Amino acid sequence: MAAHPLIATPFTAATTADEVLRGVDLAGVRAIVTGASSGLGVETARALTAAGAEVTLAVRNTTAGAAAAETIARSTGGIPPRVVRLDLADRTSVTRLVDAWRGPLHLLINNAGLVTGGLERTQEGWELQFATNHLGHFALATGLHDALALGAADRDGARIVSVSSTAHMRSGIDFDDLHFEHRDYDPQIAYAQSKTANSLFAVEATRRWAPDGIVANTVNPGGVATGLQRNFTPEQGRSLDAAEAAGVFTYKTVEQGAATTVVAAVAPEFAHTGGHYLDDAQEAYTVPDDADLAQHPHGVKEWALDPTTAERLWTVSTGLLRT
């Protein structure tokens with residue numbers, strides 16, 4: 001269990017992103033939101049823009065991104081979001097974004113996520129969900145470290161938000177077979193592993209980068225119907241329905257789902273502390289690795305916050321990206 005008092009905020013599961021940002025002025029804040037052409041990403045970007053932030057939409061489909069940017073600009077009257085291409089499964093794409101970035105960065109929202117219905121691999125042979133959801137964001141964040149450090153000096157701190165999922169409770173990290181080269185492939189376990197990795201990234205990034213003024217936290221947005229489910233197999237769909245029936249989650253609106261991300265991004269309670277996992281706008285309680293998901297739908301497993309595992313994953317991820 002967590003050794004510190006859990007961080008609480010005045011917000012709840014029903015709070016919307018706009019309600020979190022009520023009265024918050026983000027003028028001068030530069031933010032990147034990955035996967036911001038639809039779903040939680042576009043709502044997060046819209047809410048930040050409405051509060052005055054200068055937002056960059058990092059998206060794989062720039063046509064969809066441009067349409068989202070136009071809608072955001074029209075609805076908020078804020079600074080029109082910029083659109084850049086980012087394919088998290090393509091190291092060249094990530095490097096291109098990093099190399100093109102100029103000036104400080106204050107918020108990095110690692111929102112994009114991928115679910116597959118079967119085994120798919122990158123050109124390196126990496127399992128696609130782990131490569132996209134974790135390794136791509138890892139490469140992006142480490143590549144933008146200096147920009148985040150500039151942002152931290154500019155505004156008394158920079159923040160990274162990693163979007164995870166209750167799915168992390170299904171699997172820790174299998175260091176012996178990260179890419180399912182030896183075990184039978186289960187897309188749900190692969191997704192779960194990648195979501196645990198998202199949380200572990202925040203733990204180790206904070207340990208390494210807090211002296212630079214950079215903190216990272218992880219959020220579970222809750223059950224939100226987005227494009228993420230478009231690749232679900234019938235089995236995955238049935239599993240989701242069963243989880244809902246068991247009370248593991250209750251569907252939120254996109255506006256409510258984005259709220260926890262925005263809490264991690266702007267709430268003063270998380271300004272200078274990281275390595276936390278948030279659920280329903282609060283820091284979640286920690287449960288043992290053998291805890292049952294149905295009994296602890298708002299908890300976070302120990303394996304997703306373990307500092308030793310987080311350090312090991314960082315080392316392994318760095319090695320993979322150097323090959």
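When I say that two residues touch, or are in contact, I mean that they have heavy atoms within 4.5 Å of each other. Please keep that in mind as we go through what is a predicted model.

Let me begin with the whole chain. The protein chain contains 10 helices and 10 strands, and its C-alpha atoms fill a box of roughly 50 × 45 × 40 Å when this is taken along the principal axes. For 323 residues, a compact globule would have a radius of gyration near 20 Å, and the 18 Å found for this chain agrees with that. Buried residues account for 54% of the 323 residues, while the chain as a whole exposes about 13200 Å², with carbon and sulfur atoms supplying 51% of that area. If we take the contacts between residues at least 6 apart in sequence, 75% of them join residues at least 24 apart. As for charge, there are 24 positive and 37 negative charges, and their mean positions lie 6 Å apart.

Now to some individual residues, beginning with Phe201. Phe201 sits in helix α7, which covers residues 187-209, and because its relative accessibility is 5%, under the 20% cut-off, Phe201 counts as buried. Which residues does Phe201 touch, if we do not count those up to four places away in sequence? They are Asn110, His134, Phe138, Ala141, Ile160, Ser162, Trp209 and Trp314. Along the chain, Phe201 and Asp186 are 15 residues apart, and their C-alpha atoms are separated by 23 Å.

Ser162 also appears in the surroundings of Val219, so to speak, and that brings us to strand β6. Val219 lies in this strand, which spans residues 214-220, and with a relative accessibility of 0% Val219 counts as buried. Leaving out residues up to four places away in sequence, Val219 touches Val161, Ser162, Val163, Ser164 and Ser165, and it also touches Thr260, Thr261, Ala264 and Leu278. Val219 and Ala259 are 40 residues apart in sequence, and their C-alpha atoms are 9.8 Å apart in space.

Thr261, which we have just met beside Val219, is also one of the contacts of Thr44. Thr44 belongs to helix α2, residues 39-50, and it counts as buried because its relative accessibility is 1%. What does the side chain of Thr44 reach at 2.8 Å? The partner is the backbone oxygen of Leu40. Setting aside neighbours within four places in sequence, Thr44 is in contact with Ile109, Ala258, Thr261 and Val262.

Finally, I would like to set two loop residues side by side. Asp156 has a positive phi of about 60°, although it is not a glycine, and Phe180, likewise a residue other than glycine, has a positive phi near 55°. Asp156 is placed in the loop between α6, residues 145-155, and β5, residues 158-163, whereas Phe180 lies in the loop between β5 and α7. Are these two residues buried or exposed? Asp156 is exposed, because its relative accessible area of 58% is over the 50% cut-off, but Phe180 counts as buried, with a relative accessibility of 4%.

Methods
Residues numbered from 1 in each chain as written. Predicted model: local features only at pLDDT ≥ 70, side-chain atom pairs only at ≥ 80, totals over all residues. Heavy atoms only, no water. Helix = DSSP H or I, 4+ residues; strand = E, 2+ residues; numbered from the N terminus. Rg over C-alpha atoms; globule rule 2.2 N^0.38 Å. Buried < 20%, exposed > 50% of the residue type's maximum accessible area, 1.4 Å probe, protein only. Areas by Shrake-Rupley, 256 points an atom, 1.4 Å probe, with all protein chains shown as cover. Lys, Arg positive; Asp, Glu negative; His and termini not counted. Charge placed at Lys NZ, Arg CZ, Asp CG, Glu CD. Polar contact = N/O pair within 3.5 Å; in protein donor to acceptor, adjacent residues only side chain to side chain.
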